[in-house]
Amino acid sequence: MFFARLFNSRRARLTAVAAVPLVAVSAMTAATLPPAAAAPGCSVTYSAPSQWDGGFTASVSITNLGDAINGWTLTWSFGAGQQVKQAWNAEATQSGADVTVRNVSYNATIPTGGKVEFGFNGSSTGTDNPNPTAFTLNGTLCTGDVGPTTTTTTTTTTTGNPPAGNLPSSFRWSSSGVLISPKPDSAHPNVYSVKDPSVVYYNGKYHVFASVYTTGYNIMYTSFTDWSQAASAPHYYLDRTAVGSGYKAAPHVFYFAPQRLWYLVYQTGSNASYSTTTDISNPSSWSAPKNFYANGMPQIIRDNIGNGYWVDFWLVCDNAKCYLFSSDDNGHLYRSETTMGQFPNGFTNTVIAMQDSNRNRLFEASNVYKVAGKNQWLLVHEAIGSDGRRWFRTWTAPAITGPWTPLAAEESNPFARSNNVTFPSGSWTRDFSHGEMIRSGVDQTMEINPCGLRFLYQGMNPNSGGDYNKLPWRLGLLTQTNSTC
C-alpha cells in the first residue's frame, strides 16, 4: 500500500523547507526594503611584550567599531610556526597555522566602542616570532574602519512600521498550480521529483534550492525574477560543484549577517552539513560540505530515534544563540544550540524540544520563524494525517526554546491541509508536505511578516504510489486568504 511504503522508505528521503511569493503579488503592495543588519567594524592590537628563546607571552585587544556584539570569535594565522599553549580571558584552539579564539561567559558582549582583552603563552622557533598581519572578528576583517551596513533586498508588504496584524487562530489558503517540476539534463536524464524547497528573495531574484531524486538524492538551484518564469527557469545541479555527489537533501538557505556569508544547510545521512558562499547567485561557488556535529549523531537522538531516521535540519538564531532543529520520524523534535560567536561550530546541549507518542503527529520537516514586530516565534511541523496524507501543524512561543502552545495543530483546525485549501486553477494534490514560509528577510532570524502569509510546499498527484523515492513531488505555493491585517 502506498502510504505504508511511503512511511517505511523515509530513510532515503530528504526534507527541507522553503518559501516564496506568487499568486497574491497583485493583491498586495510589495516594497523593496533593506532589513536592518549589523554594521561591522573592528580593530585589533597585538603585542608580545615578553619573549624568550622558544616562547613568548602575547597580549591581544579587540575594539568593536561597529554595532554591539554578543558572542565573538577572533581568527588569525601565524607565519612562523608559533603555537598557542595557554590562554586566559578566552578559549583558544589552533589547527596548523590557523588560530581561533572565542569569548568566555563573562566577556561575550562588546558594545559599540567597547574593548575586550585576552592573552596567551605561546611557543616559537628560537626567537622567530613575527606578529600576525590580519585578524578577523566574527567573519569581518579588522581594518580599523566600520564596514557598510549589511543590506539585503527583500520583499515585504509594509513600508516602514512593523506589521500590525497577528497570526490568526485558524488559516485559510488558496493554492497555485504546479510551479516547479523536474528538469532533466544530459547528466541527469531521469529526475523523478523536486521537493523540500528553500527560498530567499535577494537582489531582485528568487533563489530556490530543492531536493531532487535522480539515481540518488542531491540538490538543485534555480532562480528567476518573477514566479511566472519559475517553470521555464533552468535548473543547476549542485553535484557539479564542490558540494559534490552522494546523498545530499533537504536544503535550507539563509544569510548569516555577522559573517557576511550565505549558508546552505542540508542532510547527508549521518550528519547535518553545510556549505557557504559570498555569492548566492553563483551556484558553482558553494564550498565543500562541513559537518555541524563533530561527533555525529548526539546520544539523546540515538536513544530515542527507534526505527526512525535523522532528517530535516533547520537553523534559526535570536540575538545571542543559534539553534539547530531536527526530526526523527519517530515523534521527536530535537534542538541543539551554540553562541552567535561560535557559529557554525560548538553545537551542543541537544534536547527534545517536543514529542508525541503518535509518531505520525510529529513526523518531520520543522520550521521555526520569528514573527516580525512581536516577541513571538512560530513552529511549523509536518504530520501524517488519519487519511495517510501529509499536512502541517503550528505552535507559538515567546522564545525559540519555548514553551510551545498549539495554534492550529489539529486536523479539524490545521495550518495547511486539504480541508482549508482551495485550488482556483484545479486541484492537483491532497498532500501538503515539506515546505517553507516566504520570509520577510534573508538572515538567520528567519523573520516572517504575519500579514498575508505565503508557503511554498511539495505536493503530488493524488493517484501516485509506489517507491517513495520516485514519487512525482512538485512545488506549489499557498497564499493566505484570511489575513488579520
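What share of the contacts in the protein chain with a separation of 6 or more comes from residues 24 or more positions apart? The share is 63%. This is a predicted model, and the values below are computed from it.

## Overall picture

The protein chain has 485 residues, and buried residues make up 58% of them. Two helices and 35 strands are found in the chain. The chain exposes about 18,400 Å². Carbon and sulfur atoms supply 47% of that exposed area.

## One open sheet

Five of the strands form an open sheet. Their order is β7-β8-β5-β11-β12, and the pairing is antiparallel. Strands β7 (91–95) and β12 are the edge strands, as each pairs on one side only.

Inside this sheet, β5 and β8 stand next to each other in the order. Strand β5 covers residues 73–77, and strand β8 covers residues 98–102. They pair in the antiparallel sense over five bridges. One facing pair is Thr-75 and Thr-100, the latter in β8.

## Three disulfides

How many disulfides does the structure hold? It holds three. Taking the bonded cysteines in sequence order, the pairing is 1-2, 3-4, 5-6. The table gives each bond with its sulfur distance and torsion.

| Disulfide | S to S distance | Torsion about the S-S bond |
|---|---|---|
| Cys-42 and Cys-142 | 2.0 Å | about -95 degrees |
| Cys-317 and Cys-322 | 2.2 Å | 100 degrees |
| Cys-451 and Cys-485 | 2.0 Å | about -80 degrees |

Start with Cys-42 and Cys-142, whose sulfur atoms are 2.0 Å apart. The torsion about their S-S bond is about -95 degrees, so this disulfide is left-handed. The pair links distant parts of the chain, 100 residues apart. Cys-42 sits in strand β2 (residues 42–52). Cys-142 sits in the loop between β12 (140–141) and β13 (154–156). Cys-42 has 1% relative accessibility, so it counts as buried. Cys-142 has 15%, and this residue counts as buried too, because the cut-off is under 20%.

Next come Cys-317 and Cys-322, joined by a disulfide with an S to S distance of 2.2 Å. With 100 degrees about the S-S bond, this link is right-handed. Are its two ends buried or exposed? Cys-317 is buried at 0% relative accessibility. Cys-322 is buried as well, with a relative accessible area of 0%.

The remaining disulfide joins Cys-451 to Cys-485. Its torsion is about -80 degrees, so the link is left-handed. Cys-451 lies in the loop between β33 (447–448) and β34 (454–459), and Cys-485 lies in the segment after β35 (474–480), so the pair ties together parts that are 34 residues apart in sequence. The two ends fall into separate classes of accessibility. Cys-451 is buried, with a relative accessible area of 10%. Cys-485 is exposed, at 51% relative accessibility. The cut-off for exposed is over 50%, so Cys-485 falls into that class.

## Backbone features

Most residues other than glycine have a negative phi, and most peptide bonds are trans. Four places in this chain depart from that pattern. They are worth finding in the structure.

Which peptide bond is cis, with omega near 10 degrees? It is the bond from Phe-343 to Pro-344. Pro-344 lies in the loop between β25 (332–339) and β26 (348–355). A cis peptide bond also joins Gly-402 and Pro-403, with omega about 0 degrees. Pro-403 lies in the loop between β29 (390–397) and β30 (405–408).

Positive phi values come next. Asp-196 is not a glycine, yet its phi is positive, about 50 degrees. This residue belongs to strand β15 (residues 193–202). Asp-196 is buried, because its relative accessibility is 0%.

Asn-203 is another residue other than glycine with a positive phi, near 50 degrees. Where is Asn-203 placed? Its place is in the loop between β15 and β16 (205–213). Is Asn-203 buried or exposed? Asn-203 is exposed, because its relative accessibility is 55%. So strand β15 holds the buried Asp-196, while the loop between β15 and β16 holds the exposed Asn-203.

Terms used
Residues numbered from 1 in each chain as written. Predicted model: local features only at pLDDT ≥ 70, side-chain atom pairs only at ≥ 80, totals over all residues. Heavy atoms only, no water. Helix = DSSP H or I, 4+ residues; strand = E, 2+ residues; numbered from the N terminus. Buried < 20%, exposed > 50% of the residue type's maximum accessible area, 1.4 Å probe, protein only. Disulfide = S-S within 2.5 Å. Pairing = 2+ DSSP bridges. Contact = heavy atoms within 4.5 Å. Areas by Shrake-Rupley, 256 points an atom, 1.4 Å probe, with all protein chains shown as cover.
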